[in-house]
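Trainee: I should like to learn how to read cavities, helix packing and chain contacts in a model. Could you guide me through them?

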Amino acid sequence: MTTPVLQATAVHKHYRLGKREIPVLRGIDLSVAAGETVALLGASGAGKSTLLHVLGLLDPPSSGEVHYDGRRVDALPIGQRAALRHAQVGFVFQFYHLIPELTALQNVLLARMMATSVFAYWGQRKQARQKAIAMLEQVGLGDRLHHRPTELSGGERQRVAIARALLAEPKVVLADEPTGNLDSTTARGVVDLMFSIQQQRGLAFLLVTHDERLAQRCHRVVRMQDGVVVR
Amino acid sequence: MYRLFLAIRYLVTRPINLLGMAGITISVWALVVVVSLFTGFINVIEHHVHQASADLVVVNLPPWANSRKLVAALEADPQVAGVTTRLLHHGLLLRPGHRPPPTPLPGRSALHGGDQPFLFVQGIDPRSEAKVTGFDDWLIHADIPKELRAMDQALLPRDGLPTVLVGLQRLTREGLRVGDRLVLTTARIETDPQGRRSPRKVQFDLVVGGAFKTAHSGFDGNTVFVAADTLRQNLFPDTPDAVQEVALRVHDQQQLEATAGRLQRTVNRVLERDQYAWASVLTWREKNSGFLESVQHQRALMQVVLVVIMVVAAFLMLATLSMMVTEKVSDIGILCAMGGTPLGVTTVFLACGLVITACGIVAGTLLGIVTGIYLEEVRQALRWTTGIDLFPIDVYNLERVPSAIDPMWLLQVAGMAMATGLLVSVLPAWRASRHDPLVSLRAG
């Protein structure tokens, strides 16, 4: 049996509200293998997004463990977690989260800049640019390189966000309702694109969604309710 | 790399940040220009004051001092190039029958003088005075018209009356001509047989002998020269050798302080009163310290005022940066998701503040240097376009607005501005780093 690229073991997460402790995740066990697509389904408040943030090392678990390639990572110092997040994880969000001051190309290039110093980036800026352009062409935005987010449609913005998530060549993509803000036709196009890239690159995909039809396209569906995996 | 890249993008896409930059630019520019102006002015004023002064003076000579012995002892010093004795008094100099005008406000004539009737009357020996100061040159200054020039032997009696030399500005303003009669009204202290000392009014006639002009208009406006013998006869009739001040010229200006110290010991030895602080040897700078320090004090005050302007500009920058952080909280989440850390996010906003400050410093310093170099041209342009003369150079006997750019001051201003910029950038940057990235990721 191969080691899963991403694994959560007995993950608990609770938030404090005054003196009250509100449990959000209650003993989640989940693993995602390389090249596998997993859909996280559940009603609002089930804890899907919180689990995604914990798995993406944005939020530490209250208890339990998170492993990347068999290595425990949830207890690492903040700097190492950030570096790991950059190297191993690509995020795609419902609201795209593009930086409005930057063009599509600059938004994608920013992913490359995150882990390099000014001098290191200066030495590789041409290759980085070529790679970002290739990535944007792959998502069908070769003619929209220098447009700002406000000049792009919702679908185009999400394609830019996908290109940005993939530029650093992560092993896992965590997508939080990537089609939640798109009309059905555009959503279908974005999903087709995501699955096509996932197959080409053999990425692990963890998808948070409310959409049953989208979930059925994944290898596996994990249902959540009140902070626990029900099926 | 992303920190600097994002900081620059945030700045260039937000014109409001120009406000903070403009504030820093203006305050740096003002600090460079105003302090350059004051420094240049102080340099010029010091030069003017020195031109109108002897290098060293021995003041507070006691009445029993043997001036001949003292002068001989001072002349024996190898650094002394010339010595002269003076009598100093005050008095009202008016046309016969004229009443004095109202007393001006205190300090009104501090710099340029000339509009008050109460004057310093210097009793001098023209020959020896010329060896100590530029006295001869003051009488033939290019600005003095021919008809107002003194005769070859200045301060010789004219029509049987002693003569007085008056500053050119005062002379022309009061419409005086060579040969006009004036009355000097003053007082001398007399001791009656019971030993009581009381002032007694003394008046004597003088004739205008000509004009003089030094570079220091304050000196010209407040001083008149008469022959020492004239003052001696009228004010010290019982002391034929009366001397109140000894003025000296030295060979080497670099050794002025050392020479002053040595001559002080000579004076103490000659007066045989080491234990008492009678006569003091003062350098020209010490003699005029009140005036020179007042100008330096004005410069220090201006520096304080302008630093306050810099603080105000910094607050403007703080406001624009805080506004930007509030607007950009949505970016904090995605930066963290892409591998950023709270420290990295802090650096983005800190870099924004530092880039604004650095640009403001560079622009303000360059503008300040250019304005400092062309200050006279700026003054003329302003006068030509608006009619306002911000720096009336005639009043200070100047040919152009003085300016001296001190590289050390530029460095100090840049350092001060950078420290202020850093200080006001830290707060918004720290606030940005405290923002929970998950909140912005959930909010969208």
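Mentor: We shall take the cavities, then a pair of helices, then the interface. This is a predicted model, in which local features need pLDDT of at least 70, side-chain atom pairs count only at pLDDT 80 or more, and totals for chains, interfaces and linings use all residues. Residues are numbered from 1 along each chain as its sequence is written, chains are lettered from A in the order in which they are written, and side-chain values use heavy atoms, without hydrogens and water.

Trainee: How many cavities of 30 Å³ or more does a search of the whole structure find?

Mentor: Rolling a probe the size of a water molecule over the atoms shows where empty space is left. The search finds 6 such cavities, and the largest has a volume of about 130 Å³. A cavity is a set of points on a 1 Å grid over the protein atoms alone where a 1.4 Å probe fits but cannot get out; lining residues have an atom within 4 Å of a point.

Trainee: Which residues are the closest to the centre of the largest cavity?

Mentor: Of its 13 lining residues, these are A:V89, A:G90, A:R164, A:A165 and B:M338. Strand 6 of chain A gives the most to this lining, with 3 residues.

Trainee: At what angle do the axes of helix 2 and helix 11 of chain B cross?

Mentor: They cross at roughly 175° and come within 8 Å. Helix 2 of chain B is therefore roughly antiparallel to helix 11 of chain B, a term for angles over 145 degrees.

Trainee: How many residues of chain A are in contact with chain B?

Mentor: Contact means heavy atoms within 4.5 Å. On that basis, 29 residues of chain A are in contact with 27 residues of chain B.

Terms used. 1 Å grid on protein atoms, 1.4 Å probe; cavity = no way out; pocket = protein on both sides within 12 Å on 5 of 7 lines; lining within 4 Å. Points joined across faces, edges and corners; volume = space filled by probe spheres on them. Helix = DSSP H or I, 4+ residues; strand = E, 2+ residues; numbered from the N terminus. Axes fitted to C-alpha atoms, helices over the stretch in contact; angles between N-to-C directions. Parallel < 35°, antiparallel > 145°, perpendicular 65-115°, else oblique.
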